[in-house]
Amino acid sequence: MHHRTSRLRALRDSRLRSAGVAGLAAILLLGLPGSITLAADAGGTATGPSKDHGKDLSQEELQPILVTGSLIPQVVEQTATPVTVISAMDIQTKGFATVADALQHSSFATGAVQGPQFSNGFTPGAQTLSLFGLSPSYTKYLIDGRPIADYPALYNGTDIITSITGIPTQLVDHIDVLPGGQSSIYGSDAIAGVVNIVLLKHVKGPEIDARYGWTKGGGGTERRIGLIDEFHLHGIDLLAGGQYERTDPVWGFQRPLTNQFFSGGGAASPAIAERDWLVYGLFGQPNGDLYYMNDPAQCANVANQFGGSVGLRTRAARGQYCGTFRSGWFTINNGTEATQGFLRASDDLNDHVKLFSDLLVDHDVTRYNPGTAFFSTADNSSGPYNYFYDPNYPNDLLNLQQIYSPEEAGNVRGQDDKNTMNSVRATVGARGALGSPDWQYTLDFTYTENRLTEATHLAFTNAINQFYAPIFGPNLGPDPIFGSQPTYTVNYGAFFQPITPAQYASFTGYADSYSRTEDSLARAQLTNSSLFRLPGGDAGMALLFEGGGQGWNYAPDPRYLNGGAYLYTATAGSGHRSRYAGTFELRLPVMKMVTLDLSNRFDDYRVSGQSVSKDTYNLSVEFRPLRTLLLRGRYGTAFKAPTLSDEFQGTSGFFQSVTDYYTCTKEGYNPANPANISQCPQANQSVFGTTSGNPSLQPITAKVDDVGIVWSPVPQSSFGVDFLHWHITNEVQQQDSDQLLRTDSACLLGQLDPTSPTCVQAIAQVTRDSNGLITQISTPKINIAEETLNVLVFNFDYVLDAGASGTFTFSGAYSDLLKHSQVNFPGDAPIDLINNPFYSTDFRTKENLSVDWKFHRFGATVYAEGYGQTPNYIAQQTVVGYGAPGAGRVSAWTIANLSARYEVLPGLQISANINNLFDRMPPTDNTQPGYTNQPFNLFNYNNYGREYFVEANYKFGR
């Protein structure tokens with residue numbers, strides 16, 4: 001149980017501590033670059049008790065504390081809400097580097113998410129997770145029971161999420177993860193669950209921690225140092241700390257799976273060299289898509305590019321071009337440099353008033369690199385070249401493409417994209433007794449602000465077009481085929497020449513976008529843990545009233561909006577709203593064996609003169625027929641209000657490489673055969689798309705229930721099984737472009753009923769010209785009809801006292817998605833997201849197991865994670881899923897971590913970790929196409945390989 005250190009003890013301890021250490025902590029905190037944050041101690045907010053299975057204490061002997069999932073302090077560790085606790089020791093011994101790392105490795109995190117490996121994504125600098133395959137935005141994140149502000153940039157270009165970064169690892173006491181709907185306590189977003197990061201409230205003296213890490217394959221070198229101290233100054237208790245961390249990026253060329261184009265498909269899907277210098281003919285053969293080799297030097301002038309690997313390449317049924325089989329000039333894990341500081345202050349004025357405040361600041365710079373720029377006339381449809389006509393190639397329209405080599409770009413590592421985040425989180429408040437000690441109040445105000453600057457290295461439209469103008473020469477007029485395309489006589493000998501780094505720099509540079517989110521929240525809470533006596537014990541009650549505002553602003557570089565950024569677009573938007581909520585919770589131990597808990601909350605959001613409100617409730621039952629057995633169940637509702645981007649996002653345009661499955665299928669290509677469909681002229685073509693906010697969106701709503709059992713058959717043991725169910729309606733999401741075009745094809749071909757709601761909608765969102773070719777797609781935000789999810793989770797803990805051999809702790813967790821279905825539009829048949837890989841590639845099962853051994857001053861931990869099977873590439877390509885020829889699943893993936901620690905001197909502990917002990921790479925998927933340079937699902941797996949860490953921690957004066 002966490003308790004407040006008395007003034008006498010704090011004063012006594014402060015005299016024993018070095019003023020230099022305390023001063024250093026203050027200097028580190030106050031000298032941080034960027035914004036400043038305050039956060040508050042709500043008087044035991046959301047702190048969980050330490051496990052003590054061996055003691056036989058009655059509830060009357062324990063003092064009530066506040067646990068995550070309830071507003072009422074209570075004396076039992078296990079309640080009707082299943083809670084998984086990740087302790088600070090877990091983070092250290094199991095090989096987790098950050099809070100995000102620990103959460104992403106939990107058994108609950110089964111869903112695929114965009115992360116650092118997707119360096120071409122919208123938010124590679126953010127860290128998030130998907131609980132049980134639900135949207136990342138469906139999880140509520142808290143620090144000490146108070147919400148974390150949103151990440152300013154839009155996840156996948158459309159959605160607002162929370163990024164779980166900027167939290168110093170050394171200051172974390174533990175992390176609580178609550179699966180299932182929790183809106184009746186925590187409000188909007190708490191559909192999939194709640195994550196509460198509980199920070200340290202006290203330390204016994206100054207602590208310093210240093211960590212260094214590296215990887216087997218190169219890159220990813222980590223350096224981290226942290227300092228924390230608690231002291232007493234002019235009658236005020238102070239806890240101060242800071243952390244600095246720097247990690248190098250990992251590049252694709254540093255790993256075997258990503259340093260070349262995939263050749264594991266064999267003869268059916270051989271490796272295809274990158275098309276680095278290409279002349280592409282749209283109608284050059286009966287089926288189109290012909291490569292013209294019109295380089296007089298036959299690639300000799302560019303052979304020294306890409307590390308001397310460029311050569312004359314031939315692609316079956318297409319033709320020749322200049323390209324390389326090498327790859328990897330992009331990052332697969334970010335480089336980061338982060339500085340955080342923390343300050344907590346508290347002062348007991350008297351028995352009725354205790355003042356507190358917290359301050360958390362973060363300055364975080366994330367670097368990543370999606371690769372060099374590239375030039376493509378057809379992709380810039382509004383430019384001077386587009387598909388053009390060359391009189392030397394009659395009856396065809398051409399497209400020139402060049403992917404710039406690292407030698408042409410010069411210092412590729414110096415051209416990283418850079419995201420700079422400055423965050424501030426501040427809380428001030430008071431708490432204490434209101435008259436009787438049974439009545440406790442808390443008044444606090446929290447303000448959080450995130451400011452993000454995104455510096456993106458790219459080509460500029462006018463500059464790159466002007467650079468190629470001498471090669472193209474003058475526009476000779478409209479083409480004779482359609483009369484709408486320009487005509488050029490190109491100097492191909494000049495095109496097939498490498499450029500210099502100075503020339504590359506003449507048309508490239510940085511575009512800077514700025515975004516910001518803010519969140520203010522005032523709360524007043526009143527609780528009574530002994531409201532009146534019932535046969536099972538004291539009834540408890542809590543009232544909570546809160547109000548505040550939320551703001552979001554995204555201002556992209558103007559060149560994204562006016563076409564000045566070559567082949568890039570962005571989304572602008574801004575908005576503000578106010579919100580109010582009231583929560584009531586009543587806990588009733590009606591019998592010695594039975595406890596009921598009822599909570600109800602009303603949320604109201606005011607935006608643009610309109611009100612969006614929702615009432616949620618939860619009823620839970622705890623039944624303890626035996627002291628060692630708990631049966632529990634809950635039923636309630638949850639919701640998520642439309643986000644500010646849902647409501648205020650402007651029209652966002654984007655270019656995306658998509659496949660026109662309808663046209664390709666009509667021309668005889670097979671969408672289920674990647675080698676075959678890739679031959680289609682309309683495969684991987686660049687298409688313009690749009691999405692935008694929708695002020696008519698309604699709240700996402702959910703009905704949730706779960707039942708479970710917790711059993712302690714022997715001392716120091718706990719075994720739990722819970723079944724969780726969600727029925728979610730009115731979901732908000734942007735439609736997936738590839739899925740839209742597959743659905744459009746299936747509808748136009750009659751594979752799906754063209755008159756069904758899904759088909760009518762899909763066909764309307766794909767714009768085609770008079771020749772039937774796609775000119776534009778629209779993927780708006782919509783309210784999806786419903787989603788259903790059933791999950792079984794299992795966890796256990798067992799502590800074995802082996803006497804002279806030490807103490808062994810066994811822990812494990814397992815999640816199994818029994819059902820996950822979705823209905824896109826009312827009247828459609830449910831989509832099976834587990835068994836139809838066309839719609840989802842999430843893991844169905846995920847588990848972890850750890851064994852910790854403590855022997856005197858030595859300790860060691862073995863930790864293993866298991867990931868279930870996922871669909872192979874072919875299975876993801878058509879609506880028939882696993883029914884397609886060659887479709888199947890890739891094998892399960894298991895990785896193991898090993899750590900050891902030793903207390904060299906009193907207070908000094910050194911430790912070492914090996915993550916991915918056996919250097920396991922993602923499971924092989926030989927159905928991946930030969931043109932991929934990441935032959936695995938990068939949203940499910942990573943190929944970082946083995947990592948090593950050494951750490952030293954010293955607690956002064958122990």
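Student: What makes a stretch of the protein chain count among its helices or strands?

Tutor: Helices (H or I, at least four residues) and strands (E, at least two) are DSSP runs, numbered from the N terminus. The protein chain has 15 helices and 44 strands. This is a predicted model, in which local features need pLDDT of at least 70, side-chain atom pairs count only at pLDDT 80 or more, and totals for chains, interfaces and linings use all residues. Residues are numbered from 1 along each chain as its sequence is written, and side-chain values use heavy atoms, without hydrogens and water.

Student: Why is the protein chain called as compact as a globular protein of that length?

Tutor: The globule rule is 2.2 Å times the number of residues to the power 0.38, and the radius of gyration is taken over C-alpha atoms. For 958 residues the rule gives 30 Å and the radius of gyration is 30 Å, so the protein chain is as compact as a globular protein of that length.

Student: How do you know that a disulfide joins Cys747 to Cys759?

Tutor: A disulfide is a pair of cysteine sulfur atoms within 2.5 Å. For Cys747 and Cys759 the S to S distance is 2.0 Å, and a disulfide joins them. The torsion about their S-S bond is about -80°, so this disulfide is left-handed.

Student: Why is Cys759 called buried?

Tutor: Buried means under 20% relative accessible area, exposed over 50%, and partly exposed in between (1.4 Å probe, protein chains only). Cys759 has 0% relative accessibility, so it counts as buried. Cys747, at 1%, is buried as well.
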